[in-house]
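Student: I am new to this structure. Please pick one part and take me through it closely.

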Amino acid sequence: MALTFRKVRDGEDRVGRRKHQYWDITGDSSYSTGGYTISPAKVGLKNIHGVIVVSGNTAGIATAARWNSQTGKLMLYNGSTQVSNATDVSTYSYRLIFVGN
């Protein structure tokens, strides 16, 4: 499976030379250890410089979403421990701002 992406209505801003793209993202039924690869093109950018987690639903709030800039992956953590492989995270949703150009 894969993440579900929904662009937030009017979810595009520009601050200086950086674009900010707002997306609601929902997990899938089998989290993969190491996280989800998200290409810049998937979120309307050429490069992703960073990701800001704005909010999460009730399920998502208990699990932190973190962007790994070295791997280009969105990773999920319970405290300091990454979510286990094959965990069903299909009820976890996050509003993210992808910053780039």
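**Strand 2 up close**

Tutor: Start with one residue pair: D24 has R95, in strand 8, as its bridge partner. This is a predicted model, where local features need pLDDT of at least 70 and side-chain atom pairs count only at pLDDT 80 or more, while totals for chains, interfaces and linings use all residues. Residues are numbered from 1 along each chain as its sequence is written, and side-chain values use heavy atoms, with hydrogens and water left out.

Strands here are DSSP runs of E, at least two residues long; helices are runs of H or I, at least four long; each kind is numbered from the N terminus. Two strands pair if DSSP finds at least two bridges between them.

Now widen the view. Strand 8 covers residues 93-100, runs antiparallel to strand 2, and is joined to it by eight bridges. Another of the bridges links W23 to L96 in strand 8.

Strand 2 also pairs with strand 1. Strand 1 spans residues 4-15 and strand 2 spans residues 18-26; the two run antiparallel, with eight bridges between them. F5, for one, has I25 in strand 2 as its bridge partner. The two strands form a hairpin, with two residues between them. In that turn, G16 has a positive phi of about 60°.

Next, the whole sheet. It is open, has four strands in the order 1-2-8-4, and its pairing is antiparallel. Strand 1 and strand 4 (48-56) stand at the edges; each has a single partner strand, so one side of each is left without a neighbour in the sheet. From one strand to the next, the twist averages 20°. Angles like this are taken between N-to-C directions, from 0 to 180 degrees, with axes as lines fitted to C-alpha atoms, for helices over the stretch in contact. What holds such a sheet together? Its strands pair through backbone hydrogen bonds, either parallel or antiparallel.

Back to strand 2, where H20 is found. H20 counts as buried because its relative accessibility is 15%. Buried means under 20% relative accessible area, exposed over 50%, and partly exposed in between, using a 1.4 Å probe and protein chains only. Contact means heavy atoms within 4.5 Å. Setting aside neighbours within four places in sequence, H20 is in contact with G11, E12, D13, V15, I97, F98 and V99.
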